Amino acid sequence: MIDVTSYVNGYSPVGDIIVMAVVVVLAILIRVTYIRQSIEFKIYKVILLCTFIAAVSNLYFRQSIVKLDESPRFIIYLTKYITHFSVLLALALYLIYTKNQMKLSDSIGRIIDFIAVGVFTFTASVDLLGMIFGFGFNIIDNENIQRGQYIASSGYIFFAALILLLLIVYGKHMYRPIVTALYATIIMSFVVTLIQERHNQKSFTISALLFPAISIMYLMHSNPYNLDTGSLHADSFIENIENATKKKEKLLIYFLHLAVNDRKSRKYPKELTDKIREMATYTYKGAKLFQISEGKMVLSVRMASNPDCLQKIEKVRTTLTEQYLIYKLEYKMVILQTTDEIENAEDYIGIIDYVENRMLSNEIHQVNEEDIGKYKSHKYIVEQLADINRRKDLRDPRVLVYCQPVYNIETGKFDTAEALMRLRLEKIGMVFPDRFIPIAEKHNFIHMLSLIIFSKTCNEIRRLLDDGYVIKRISVNFSMTDIKEKNFCENITRIVKDARIPFEKIAIEITESQNEKDFMELKEKLFELRKSGITFYLDDFGTGYSNMERIMELPFDIIKFDRSLVIASGTDNKSKKMVTHMAHMFNDMEYDVLYEGIEDETDQNRCKEMYARYLQGYKYSKPIPIEQLSEFLDREKIE
């Protein structure tokens, strides 16, 4: 028990007022920086709210206790309990927040959640019961008070110890400098509390909660403005879109990609950044500028606040053109409005990226419904390719094998073919290679597609052989990305063996690599597979990079002359002689020459004169489902 005068001595409202002011400042910063509303950030905002409530209730409690004879007892008890409750809840949420940032396993996470909720519930309940039944904080009379503060204090200490223990045991799951900063912040809170106790002070109890809050805001959620342009980070743009979607507000979005001429400093001329900031600030009311990545900025305009925003598009176009003439920095600009057709905020960055990649330099494009439709189709293809890659099903029905029969001049028959890839997707139907292969290569899905095509081709060869058809071989294209896969040779060998076909019935087409390291890896793996009897084609000879020395180092059997050489040989006698001499040279070195892109009788006859062994092209057949290849093949005669 302690008298009221001694109880209130050592308290100044300055500490709690500072806490309230800092929380308000943090709230303002949160409001203007569009921080992404993750689960962790929502927890953080509740922590700030608890800290603010604790400071307000503690201030009110301390002022009420001074006038004990004038203040309602219920209000005194209530504000005391709210202070304890808010501090305990803030500490429990700090524990959960720290756990979430560590991305621990679900089982460990659930245990920590259970401990946090359990300790909070127990301590808050005992504290409340103590006030009700008199073993906790209790007003004896107008002059004496029973502190009973050890109940809440025990909860504070326990939570602080749990947070420290969590950092010690699982700190390796977080970036070390962040863990170090959190240690320092917690230690500072303890130091302030100890100094306060040593000097019989009670003014800075709640402020001990504020230090971790400031640290977390800076380390985890800070989103500073770029002082040159006044722009915010990319995550803020996502949050800006999500907020507008929730409020059903329409936005006009400008995306600007500016090239950086000064690669060393990676900065734009000051006059240009001033112009960007001026345009973002004064052209539209309340517009926000966001930095997506280096050289890429987005201006977001609330259309409701700017009814003339569409009319100002031309002004922005003119300004951008003027700046280009001054600074000669290449640019691309994409303009679009938010729409119900785009489902989530990330898709706006996706459609901007999709449209920009298909634009020329110094072009301005306003997104239309056709662009949105194409982007949705593109996104659907990416999702389907990701699913195919994830499932790793060599029989995936979405991946189709087409082929183009190859004419053998020596036999006068079709006994080989090239396997080609197609996709058939539920929502958009047939998809051709020129559309999905660049996507698959960009997202590293191409190897799984190659294995599926290879496996299905091997199985079709098995069927053709079982049905008595004469098939010399079918070739399948593989890229350098495929070759570089760790288990490439093992996968190829396993698939051929599983199909139960002779290795000589399958061929691999390769485009030569310029990279020395890639070449050595290619050479090693081709020779490893060569031992099994697989045939190798050099694809696209005559385009890009062709090194005769390297070609001779690799175990190629057939050289495929690209369609461009067929066309060139028909333009003038000089080109024809050049192509003829190259084909003659390969023929003398015991390579077979295959010309692709044969479209008519003239092409055919000319290529026959140029040492052709095989011919391929639309003159003989367009690409067909591999199941129809048997229509071009002979059957073995049964004696």
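Modeller: In classing lining residues, Ala, Val, Leu, Ile, Met, Phe, Trp, Tyr, Cys and Pro count as nonpolar, Asp, Glu, Lys and Arg as charged, and the others, Gly among them, as polar. The model before us is predicted.

Colleague: How do the residues of the lining of the largest pocket divide by class?

Modeller: The lining of the largest pocket divides into 21 nonpolar, 12 polar and 5 charged residues. The space in this pocket is about 1100 Å³. Ser153, Tyr156, Thr193, Thr205 and Ala208 are the closest to its centre among the 38 lining residues. At least two residues each come from helix 3 (39-66), helix 4 (73-102), helix 6 (150-170), helix 7 (176-198) and helix 8 (207-220).

Colleague: How should one read a pair of aromatic rings, and what form does the pair Tyr81 and Phe85 take?

Modeller: One describes such a pair by the distance of the centres and the angle of the planes. Tyr81 and Phe85 are tilted, at 5.9 Å centre to centre with 45° between the planes. Both residues belong to helix 4, 4 residues apart, or about one turn of the helix. Tyr81 counts as buried because its relative accessibility is 15%, under the 20% cut-off. Phe85, at 32%, counts as partly exposed.

Colleague: Why is the pair of Tyr407 and Tyr620 stacked?

Modeller: The planes of Tyr407 and Tyr620 stand at 15°, under the limit of 30 degrees, so the pair is stacked, with ring centres 5.5 Å apart. This pair links distant parts of the chain, 213 residues apart: Tyr407 lies in strand 10, and Tyr620 in the loop between strand 18 and strand 19. Both Tyr407 and Tyr620 are buried.

Notes
Residues numbered from 1 in each chain as written. Predicted model: local features only at pLDDT ≥ 70, side-chain atom pairs only at ≥ 80, totals over all residues. Heavy atoms only, no water. 1 Å grid on protein atoms, 1.4 Å probe; cavity = no way out; pocket = protein on both sides within 12 Å on 5 of 7 lines; lining within 4 Å. Points joined across faces, edges and corners; volume = space filled by probe spheres on them. Phe/Tyr/Trp six-rings, centres within 6.5 Å; stacked < 30°, edge-to-face > 60°. Buried < 20%, exposed > 50% of the residue type's maximum accessible area, 1.4 Å probe, protein only.
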